[in-house]
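Q: Please take a close look at the side-chain contacts in this model, starting with the aromatic rings and going on to the charged pairs.

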Amino acid sequence: MKRSPTSVVTLEAFGRERLSPSFFMRDFLFSEIASDHGLLNAPKHPELGLRAGRSLCMELLEPLQATFGRIAIRS
């Protein structure tokens with residue numbers, strides 16, 4: 001398994017991973033609470049994070065968006 005992204009370059013590349021037609025991993029990396037506490041909000045196991053993110057997007061978020069319109073992930 002790959003390690004958690006720790007540098008700006010690796011975190012940017014990780015954030016560009018497409019999870020579904022409408023969502024990228026970067027949509028899920030920002031957390032207001034983590035930011036307030038100075039914490040990095042990146043998964044310790046990136047492959048698992050991508051797999052779970054793709055499943056969430058394809059099975060739940062994309063159908064919800066198709067029904068109700070654009071969904072924006074805020075935190």
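A: What follows goes through the rings, the charges over them, the salt bridges and a surface patch.

The model is a predicted one, in which local features need pLDDT of at least 70 and side-chain atom pairs count only at pLDDT 80 or more, while totals for chains, interfaces and linings use all residues. Residues are numbered from 1 along each chain as its sequence is written, and side-chain values use heavy atoms, with hydrogens and water left out.

A search of the whole structure finds one aromatic pair, formed by Phe 23 and Phe 28, with 6.2 Å centre to centre and 50° between the planes, which is a tilted arrangement. (Rings of Phe, Tyr and Trp, the last by its six-membered ring, pair if their centres lie within 6.5 Å; planes under 30 degrees apart count as stacked, over 60 as edge-to-face and the rest as tilted.) Phe 23 is buried, with a relative accessible area of 0%, whereas Phe 28 is partly exposed at 24%; buried means under 20% relative accessible area, exposed over 50% and partly exposed in between, with a 1.4 Å probe and protein chains only.

The ring of Phe 23 also has the charged end of Arg 70 over it, 5.3 Å from its centre, and Arg 26 lies over the face of Phe 24, at 4.5 Å from the ring centre. (A charge sits over a ring if NZ of Lys or CZ of Arg is within 6 Å of the ring centre and within 35 degrees of the ring normal.)

The salt bridges, each a side-chain nitrogen of Lys or Arg within 4 Å of a carboxyl oxygen of Asp or Glu, come to three. In one of them Glu 17 meets Arg 54 at 3.4 Å, N to O; because Glu 17 lies in the loop between helix H1 (8-15) and helix H2 (32-36) and Arg 54 in helix H3, the pair ties together parts that are 37 residues apart in sequence. Helices are DSSP runs of H or I with at least four residues, numbered from the N terminus. Glu 32 and Arg 74 also meet at 3.4 Å, N to O, and this pair links helix H2 with the segment after H3, 42 residues apart; Glu 32 is partly exposed at 37%, while Arg 74 is exposed at 63%. A further salt bridge joins Glu 12 and Arg 16 at 3.9 Å, N to O.

Leu 56, on helix H3 (residues 46-68), is partly exposed, with a relative accessible area of 35%.

Technical notes. Helix = DSSP H or I, 4+ residues; strand = E, 2+ residues; numbered from the N terminus.
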